[in-house]
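This report looks at the salt bridges of one structure. The sequence and the model are shown first, and the charged pairs follow.

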Amino acid sequence: MLITQQQLQNHANSIQMVVFDIDGVFTDGRIYLNHLGEETKAFNVRDGHGVRMLIHYGIRVAVLSGRKSAAVEVRMRELGVSDVLQGHADKKTAFNKLINDKNISAQSVAFVGDDIIDVQAMQLAGLAIAVADAHDWVKQHADHITHANGGHGAVREVCELILAAKGLLDTALNYNLQ
């Protein structure tokens with residue numbers, strides 16, 4: 001169900017909010033547990049800067065995860081992401097509640113996922129994106145597939161795709177040079 005490059009640009013230009021899964025999108029999908037059972041995650045710093053760029057230019061960012069993790073709360077707070085929905089195995093219902101609460105149409109939302117739990121939300125979104133190493137079945141339901149794997153720049157790639165479609169990428173990339 002991949003769309004043409006022109007359709008991708010048109011959809012990306014209309015995006016007002018990007019909703020990301022966490023495990024397998026923001027991370028490489030691995031979960032690290034120490035001897036006390038405490039969980040840690042590795043986040044890509046460039047992905048984080050991409051999220052900050054989206055927020056800076058007025059594009060809303062949310063995360064929607066089937067699992068709960070204190071590490072996610074901390075990282076999203078650092079990035080300025082206030083819509084952090086965790087512990088939602090039913091992503092369709094959580095996605096609908098989020099867009100209704102924000103009074104935003106599903107067509108103006110991009111959803112980025114990697115596994116079968118993400119497909120229902122992807123089907124509702126105006127732009128469905130799978131990361132490069134997503135499950136093959138998920139890729140079949142995506143409008144676009146990133147070049148980068150989850151946890152290895154896929155989030156940044158999506159952020160730059162949206163900013164480029166809106167004509168904001170050059171300004172965003174040169175922001176610190178001015």
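## Salt bridges in the model

The count comes to 11 salt bridges in this predicted model. Side chains of opposite charge can pair when their charged atoms come close. Three of the pairs are described below, together with one network.

## A buried pair between two loops

Asp 23 pairs with Lys 41 in a salt bridge, and their closest N and O atoms are 2.4 Å apart. Asp 23 sits in the loop between β1 (17-20) and β2 (32-33), while Lys 41 sits in the loop between β3 (39-40) and α2 (45-56), so this salt bridge ties together parts that are 18 residues apart in sequence. Both Asp 23 and Lys 41 are buried.

The two residues also belong to a network of salt bridges, in which Asp 23 and Lys 41 are linked with Glu 39 and Arg 67.

## An exposed pair within a helix

Asp 101 and Lys 97 form a salt bridge through their side chains, at 2.8 Å from N to O. Helix α4 (residues 91-101) holds both Asp 101 and Lys 97, which are 4 residues apart, about one turn of the helix. Asp 101 and Lys 97 are both exposed.

## Arg 30 and Asp 28

Another salt bridge joins the side chains of Arg 30 and Asp 28, with an N to O distance of 2.8 Å. Is Asp 28 buried, exposed or partly exposed? The relative accessibility of Asp 28 is 24%, so this residue counts as partly exposed; the buried class is under 20% and the exposed class over 50%.

Conventions: Residues numbered from 1 in each chain as written. Predicted model: local features only at pLDDT ≥ 70, side-chain atom pairs only at ≥ 80, totals over all residues. Heavy atoms only, no water. Salt bridge = Lys/Arg side-chain N within 4 Å of Asp/Glu carboxyl O. Buried < 20%, exposed > 50% of the residue type's maximum accessible area, 1.4 Å probe, protein only.
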